[in-house]
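Please walk me through this structure, beginning with how its two chains are arranged and then turning to the sheets and helices within them.

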Protein chains: 2
Amino acid sequence: MEVYNGGVTSPQGFLAAGICAGIKKNRKDMAMLKSTVPCTLAGTFTSNLVKASPVVWDQEIVRQYGSAQACVMNSGVANACTGQQGDAYCLETAKAAADALGLQPEQVLLASTGVIGRQLPIETICNGARTLSGMLSDTREAASDAAEAIMTTDTKKKEVAVAFELSGKKVTIGGMTKGAGMIHPNMGTMLCFLTTDAAISAKMAQKALLSCVKDSFNMISVDGDESTNDTCVLLANGLAANEEITQEGADYEVFYAALELVTKNLARRMAADGEGAHALFEVKVTGASTKEQAITLAKSVIESNLVKTAIAGHDANWGRIIGAMGYSGAKFDPQKVDLAFESKAGFVQIARNSVSTGYSEEEATKILSENEITAIIDIHEGDQEATAWGCDLTYEYISINADYRS
Amino acid sequence: MEVYNGGVTSPQGFLAAGICAGIKKNRKDMAMLKSTVPCTLAGTFTSNLVKASPVVWDQEIVRQYGSAQACVMNSGVANACTGQQGDAYCLETAKAAADALGLQPEQVLLASTGVIGRQLPIETICNGARTLSGMLSDTREAASDAAEAIMTTDTKKKEVAVAFELSGKKVTIGGMTKGAGMIHPNMGTMLCFLTTDAAISAKMAQKALLSCVKDSFNMISVDGDESTNDTCVLLANGLAANEEITQEGADYEVFYAALELVTKNLARRMAADGEGAHALFEVKVTGASTKEQAITLAKSVIESNLVKTAIAGHDANWGRIIGAMGYSGAKFDPQKVDLAFESKAGFVQIARNSVSTGYSEEEATKILSENEITAIIDIHEGDQEATAWGCDLTYEYISINADYRS
């Protein structure tokens, strides 16, 4: 089972399209995703108290129906902090798409990303939805157009697929995601769309999604700012004709492993493409007594501005890492931390028992100059571990965000 | 009662000195503070699990004795993550200073700030302590030398004093602080030394200090990174000869108000002089139902990288403020937030009931281009409020921290 260069149209029966609808200047800004048959739906969303209107719309569909067949996405405007007008525009968009697709509005999911506090240009959005409905295709290119249309400050499209077998049938999971800033997901993620032709019950799909998100999207941070729009949905249309997964067991385990590959692959790439990022910074905490302790410590390190700027400067300023662990809220013995850095350029043990090993700064700088760096932390308490992904904090993050709206 | 341009030598009986001891190149890096008579001592320190050796040393003195007479400070090296050697160097430093001053080691407080993970250059430090002990003076200049010697990436010395009357006697409180990065105090602050000639019991001094710190240093953040070295001590030598404050009452209230003026003044200036900061960003949350709710919301806004970069860009990207409130963990009605910006250039109401007022972007940008900006947030629930102080996030923050050690 391996991830390959596919996308949301890789599973059977999924169509997509992405266009320049006119929300942004000369850039793709609207996408549509549709299954030829109704899908089982799982979804997880931002835990931010301030939720964008499309998040509220989607949550209601997940809660009431557990099923959907299409999704309309736009970038440029987040439709968050837009009051009742924002909710009304959601209904209007879903109606326009549903009419064009021959569906009911409650079968259409919505997702928006972009500036908070501005109203959607509703006419542009509805026209866009109609145009998209006439362009849907199951090609690789169509999936890529959709992945491009949901990008904001992302510099790279993020798509992936994985194929595997369930009860003798070939099953595929495809996915696309966006997210370069305001990335600090908590029980959800920026925008992520996962498709599969697996037959799986809504309950088991939701279970698999929540668990995978916990170990992937919830373990990344670009800037510590949790979005108002985090949305992660999984659409399963059953066209692979495997025996439907309705409980835990061998088939569920295989499906779960595949979904985990897809979500971790996309999450890593979101961190690597963090706003202004030059390097992916992976932090692996081992030797923890509980999983939660390992998660808390790993996330505290990737979220530290001081650690992130040190990585930007290829500077093995390791005290900042121990410092960030210390204020994380997790208990551990501050005298018993081992720390090492690893990258393509090599491996260096930096500290043992929280004291410098007398490592070579030159060697450490060489290792930290790569664009994928791992910090390996052992707290010598038990056998639990967790990995979190972040990125360095650079000038470009500032310039991207100091004038994001202009 | 007003703050004035004074420092730690403003109260009677306090001597100070600051020198270039040779830890840093051509910059003052060691300071000493001494009272002519033993002092009542109050102190509060970092809650980071990883505590620097001098923090552990001072905590023990506060706990065991509640009294001290001198303090030796150095910048350049933090003496954190230095193991047993770091503890041994604390004892050695205190002994060298005590011998030179005719005191016992346990009457000497210690404070270090700078790079984590390196050992103190102990010979330089002990020689420095001996030199300082021969240079102590009660002049304004001596206080300023000390304030300069504790600076790291600070661009400005931060000193202040306030004079007032207690039981017919003139009483003075003086203070100095440093802290430009790794500033996110929690029950303590970077390095802050407060002196007073008031007669006050250790218990009441500690009570006043903890309460003032909560509303001042604990309400600022530069980068969200809580230090391993946060230290805030108050030395009271009683030379003003007021009736000793041993319980709550009118005298305690006056003393408290004065201490609050000093700590808030210094805290604001720490935020304004945050690493790379071009602007002080004050966030006032009003209409809260509890003080804790107001504190949580105000701090979440000043800590948001996205809000801080928007301030750097003079961009009224107010959705980021509402977003940061939403993920703060505090409950409030996300539909009922009023937001305004204020500075010397004017006042503009940005949002009412969480929706844009249709304000002028040009006017907002003018207001946000000042170097002291206030965001006023009303959540319409009650009459509690809190103010937090932060700063903008600029290119300079990155350049200061990407190569801090080189």
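The paragraphs below take up the relation between the chains, the interface, the sheet and two helix pairs in turn.

What is shown is a predicted model, and every statement that follows should be read with that in mind. In general, two copies of a chain are related by a rotation about an axis and a shift along it. Here a rotation of 180 degrees, accompanied by 0.0 Å of shift along its axis, brings chain A onto chain B with an RMSD of 0.0 Å, and that is why the relation is that of a two-fold axis. Within chain A, the C-alpha that lies nearest this axis belongs to Tyr395(A), at 2.6 Å from it. Both copies use the same surface, since 100% of the contact residues of chain A recur in chain B.

That surface can be described in some detail. In the interface, 50 residues of chain A are in contact with 50 residues of chain B. On the side of chain A that touches chain B, the elements giving two or more residues are α8 (305-312), α9 (319-326), β13 (355-356) and α11 (395-402) of chain A, and α9(A) provides the largest share, with seven residues. Sorted by class, this side of chain A has 22 nonpolar, 21 polar and seven charged residues.

Two of these interface elements, α8(A) and α9(A), also pack on each other. Their axes come within 9 Å and cross at roughly 160 degrees; because angles over 145 degrees count as roughly antiparallel, the two helices α8(A) and α9(A) are roughly antiparallel to each other. The crossing of α8(A) and α9(A) is left-handed. From α8(A) the contact draws on Leu306(A), Val307(A) and Ala310(A), and from α9(A) on Arg320(A), Ile321(A) and Ala324(A), a set that divides into five nonpolar residues, no polar ones and one charged.

The sheet of chain A comes next. Six strands form an open sheet of mixed pairing, in the order β13-β12-β11-β14-β10-β15 (chain A), with β13 and β15 (384-391) of chain A as the edge strands, each pairing on one side only. Inside this order, strand β10 (residues 280-288) of chain A pairs with strand β14 (residues 372-378) of chain A in the parallel sense over seven bridges, and Leu280(A) stands opposite Glu372(A) in β14(A). Helix α10 (residues 361-368) of chain A packs on the sheet, where it touches β11 (338-343), β12 (346-352) and β14 of chain A, and its direction makes about 125 degrees with that of β12(A).

In chain B, strands β10 (residues 280-288) and β14 (residues 372-378) likewise pair in the parallel sense over seven bridges, and the bridge partner of Leu280(B) in β14(B) is Glu372(B). Seven bridges also join β10(B) to strand β15 (residues 384-391) of chain B, the two running antiparallel, with Ala288(B) opposite Gln384(B) in β15(B).

A further helix pair in chain A remains. Helix α5 (residues 202-215) of chain A packs with helix α6 (residues 250-272) of chain A at an angle of about 40 degrees, their axes 9 Å apart, and α5(A) is therefore oblique to α6(A). The crossing of α5(A) with α6(A) is right-handed. Residues making the contact include Met204(A), Ala208(A) and Cys212(A) of α5(A), and Tyr252(A), Phe255(A) and Leu259(A) of α6(A). By class, the contact of α5(A) with α6(A) has eight nonpolar, one polar and two charged residues.

Terms used: Residues numbered from 1 in each chain as written. Chains lettered and ligands numbered in written order. Predicted model: local features only at pLDDT ≥ 70, side-chain atom pairs only at ≥ 80, totals over all residues. Contact = placed C-beta atoms within 7 Å. Helix = DSSP H or I, 4+ residues; strand = E, 2+ residues; numbered from the N terminus. Nonpolar A, V, L, I, M, F, W, Y, C, P; charged D, E, K, R; others polar. Axes fitted to C-alpha atoms, helices over the stretch in contact; angles between N-to-C directions. Parallel < 35°, antiparallel > 145°, perpendicular 65-115°, else oblique. Left-handed = near helix turned anticlockwise from the far one by under 90°. Least-squares fit on C-alpha atoms with pLDDT ≥ 70 in both. Pairing = 2+ DSSP bridges.
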